[in-house]
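Trainee: Please take one part of this model and go through it closely, residue by residue where that helps. I would like the surroundings described as well, so that I can place the part within the whole chain.

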Amino acid sequence: MTVPKWNDPALKAGTMIKTALWLVSEVGEGNIFTKEQHRDAFPGIAQADRRLRDLRDFGWVIHTNSDDGALKPEEQRFVKTGLPVWQPGIRRSVAATTITAKQRQAVFAADDYQCVVCGIAGGESYPDALNDSAVLSISRRDVLLQGERVEVQLVTECKRCRAGTDGETSDVGRLLSDIRDLDDTERARLIRWMERGRRGATPLDRAWTAYRRLPAEMRGDVRRRLLG
Ligand SMILES: [Zn+2]
């Protein structure tokens, strides 16, 4: 598909799309531009700055001087191209704010009804806070795929991981020593999770979540069969 020209008078597109095209053809990845240059490209557009920021929702990386100390306050750096927002359908697929019940079910099922970050199952208690049980929800995540392509994916996360803080102080030394204590298979699995940026379900997890999803009387039946 050919990329439209940002200043083509025939182009029917909003300022965000035109800004994306302007960045690609006039600024170029890795280069610096000023707010004034952007404003001059889109004269009379009151919310041009905001439309530029909107591109971040589509995986575009644009740094200001708070992200990159080498930049002056009026400068920004176009670090990386995101989704091709000028293509029909791309924006709708990402911007759809409502996730249907069917989609939610499909995402939960694909993630084995567990948080892709910490692995907790819905309704299960956190190991360090037994009266706090996990509520799973769906988050949008920018996932970097092979070939530097950013795709927004729906993933299952618990409320705690979604909030992004666990209130604990991190102890990297302790973590590294715990990782060294894992057996080779577990360590290899952990490294794969690190590379993918998300946890994968193990056969043990799958058995546990499948068990937890059974009705109470069937759970009792499974326990009796295993123990008896
Ligand atoms: Zn979690």
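## The loop around Gln 114 and the zinc site

Mentor: Start with Gln 114, which counts as buried because its relative accessibility is 3%, under the 20% limit for that class. The model is predicted, and what follows should be read as a description of that model. Gln 114 sits in the loop between helix H5 (101-110) and strand E4 (125-126). Leaving out residues up to four places away in sequence, Gln 114 touches Gly 119, Ile 120, Ala 121, Leu 136, Thr 156, Arg 199, Gly 200, Ala 201, Asp 205 and Thr 209.

Two other residues of this loop have backbone angles to check. Asp 112 is in the loop between H5 and E4, and its phi is positive, about 55°, although Asp 112 is not a glycine. Tyr 113 also has its place in the loop between H5 and E4. The phi of Tyr 113 is likewise positive at about 55°, and Tyr 113 is not a glycine either. Is Asp 112 buried or exposed? Asp 112 counts as buried, since its relative accessibility is 18%, and the class takes in values under 20%.

Now the metal. The zinc ion is coordinated by the SG atoms of Cys 115, Cys 118, Cys 158 and Cys 161, at 2.3 Å. Along the chain, these donors follow the spacing C-x2-C-x39-C-x2-C. The angles among the four donor atoms run from 104 to 116°, and the site is tetrahedral. The assignment follows because four donors qualify as tetrahedral when all angles lie between 85 and 135 degrees. For comparison, the ideal angle for four tetrahedral donors is 109.5 degrees.

The accessibility of two of the donor residues can be set side by side. Cys 115 has 0% relative accessibility and therefore counts as buried. Cys 118, at 37%, counts as partly exposed, which is the class between the 20% and 50% limits.

From the cysteines, move on to helix H6. Arg 160 lies in this helix, which covers residues 159-163. The side chain of Arg 160 makes a polar contact of 3.2 Å with the side chain of Asp 128. Arg 160 and Val 135 are 25 residues apart in sequence, with 8.5 Å between their C-alpha atoms.

Arg 162 also lies in H6. The C-alpha atoms of Arg 162 and Ser 137 are 8.5 Å apart in space, with these positions 25 residues apart in sequence. Setting aside neighbours within four places in sequence, Arg 162 is in contact with Ser 137, Ile 138, Ser 139 and Glu 157. How far is Arg 162 covered? Its relative accessibility is 46%, so Arg 162 counts as partly exposed.

Helix H8 comes later in the chain. At its start, a side-chain oxygen of Asp 183 reaches to within 3.1 Å of the backbone nitrogen of Thr 185. H8 has 13 residues (184-196), which at 1.5 Å a residue should span 18 Å; the end C-alpha atoms are 18 Å apart, so the two agree. The expected figure is found by multiplying 1.5 Å by one less than the number of residues. Just after H8, Gly 197 has a positive phi of about 75°. Among the contacts of Gln 114 are Arg 199, Gly 200 and Ala 201.

Helix H10 (residues 216-227) allows the length check to be repeated. Its twelve residues should span 16 Å, and the end C-alpha atoms are 17 Å apart, which agrees. H10 is hardly covered, with one buried residue among its twelve.

For a second buried glutamine, take Gln 76, in strand E3 (residues 75-80). Gln 76 is buried, since its relative accessible area is 5%. Beyond four places in sequence, Gln 76 touches residues including Asn 31, Ile 32, Phe 33, Leu 52, Ile 62, His 63 and Leu 71.

Finally, the whole chain as background. The protein chain has ten helices and seven strands. Of its 228 residues, 31% are buried. Among contacts with a separation of 6 or more, 52% join residues 24 or more positions apart. The accessible surface of the chain is about 14900 Å², and carbon and sulfur atoms hold 51% of it.

Key: Residues are numbered from 1 along each chain as its sequence is written. This is a predicted model: local features need pLDDT of at least 70, side-chain atom pairs count only at pLDDT 80 or more; totals for chains, interfaces and linings use all residues. Side-chain values use heavy atoms; hydrogens and water are left out. Donors are N, O and S atoms within 2.8 Å of the metal (3.2 Å for Na, K and Ca); water is not among the atoms, so sites may look incomplete. Four donors count as tetrahedral if all angles lie between 85 and 135 degrees; four count as square planar and six as octahedral if opposite donors are over 155 degrees apart and all others between 65 and 115; anything else is irregular. Buried means under 20% relative accessible area, exposed over 50%, partly exposed in between (1.4 Å probe, protein chains only). Helices (H or I, at least four residues) and strands (E, at least two) are DSSP runs, numbered from the N terminus. A polar contact is a pair of N or O atoms within 3.5 Å; within protein, one must be able to donate a hydrogen and the other to accept it, and residues adjacent in sequence count only if both atoms are side-chain atoms. Contact means heavy atoms within 4.5 Å. Accessible areas come from the Shrake-Rupley method with a 1.4 Å probe; for residues, only the protein chains shown count as cover.
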